[in-house]
Amino acid sequence: MSKVCEVSSKTANNGYKVSHSNGKTKNIQNVNLHKKKVWSLKRNCWIKIKVSSKVIKSLHKIKF
């Protein structure tokens, strides 16, 4: 199960966890993904997609 948004192609981001003493350890910031069932106008049926929460807010603009 890959952690990639199927609409916007967002993937994980590399970053650091910084402690109080300014020590840094590597950290992966994953995308906030959700499984959604969306009605497809082209296929005229329901399809299941993995989308990020940012894309869910603008799903009404996208034609599947």
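Modeller: Strands are DSSP runs of type E with at least two residues, numbered from the N terminus. The model discussed here is a predicted one.

Biologist: In which strand is the place of Ser40?

Modeller: A run of residues 33–40 forms one of the strands, and Ser40 belongs to this run. The strand is therefore, in the numbering from the N terminus, β3.

Biologist: Is Ser40 buried or exposed?

Modeller: The relative accessible area of Ser40 is 1%. Buried means under 20%. Ser40 is therefore, at 1%, buried.

Biologist: Which residues are in contact with Ser40, leaving aside its neighbours within four places in sequence?

Modeller: Contact requires heavy atoms within 4.5 Å. With the neighbours within four places in sequence set aside, the partners of Ser40 are Cys45, Ile47 and Phe64.

Biologist: Which strand gives the most to the largest nonpolar core?

Modeller: The largest nonpolar core has eight residues: Cys5, Val38, Ile47, Ile49, Val51, Val55, Leu59 and Phe64. In soluble globular proteins, nonpolar side chains tend to be buried together. The strand that gives the most to this core, with three residues, is β4.

Biologist: Why is the pair of Trp39 and Trp46 classed as it is, and what is that class?

Modeller: By the rule for rings, there is one aromatic pair. The ring centres of Trp39 and Trp46 lie 5.4 Å apart, and their planes are at 75°. Ring centres must lie within 6.5 Å, and planes over 60 degrees apart meet the criterion for one class. The pair of Trp39 and Trp46 is therefore edge-to-face.

Biologist: Is Trp46 buried or exposed?

Modeller: Trp46 lies in strand β4, residues 45–52. Its ring partner Trp39 has a relative accessible area of 37% and is partly exposed. For Trp46 the value is 52%, and a residue over 50% counts as exposed. Trp46 is therefore exposed.

Biologist: Which residue has its charged end over the ring of Trp46?

Modeller: Not counting residues up to four places away in sequence, Trp46 touches Lys37, Val38 and Trp39. The charged end in question is 5.6 Å from the centre of the ring of Trp46, and it belongs to Lys37.

Biologist: How many bridges join strand β1 to strand β2?

Modeller: Strand β1 (residues 13–18) and strand β2 (residues 24–29) run antiparallel. Val18 stands opposite Lys24 in β2. In the hairpin of β1 and β2, five residues lie between the strands, and Asn22 takes a positive phi near 65°. The number of bridges joining β1 to β2 is six.

Technical notes
Residues numbered from 1 in each chain as written. Predicted model: local features only at pLDDT ≥ 70, side-chain atom pairs only at ≥ 80, totals over all residues. Heavy atoms only, no water. Phe/Tyr/Trp six-rings, centres within 6.5 Å; stacked < 30°, edge-to-face > 60°. Buried < 20%, exposed > 50% of the residue type's maximum accessible area, 1.4 Å probe, protein only. Lys NZ or Arg CZ within 6 Å of the ring centre and 35° of its normal. Helix = DSSP H or I, 4+ residues; strand = E, 2+ residues; numbered from the N terminus. Core = buried A, V, L, I, M, F, W, Y, C linked by side-chain atoms within 4.5 Å. Pairing = 2+ DSSP bridges.
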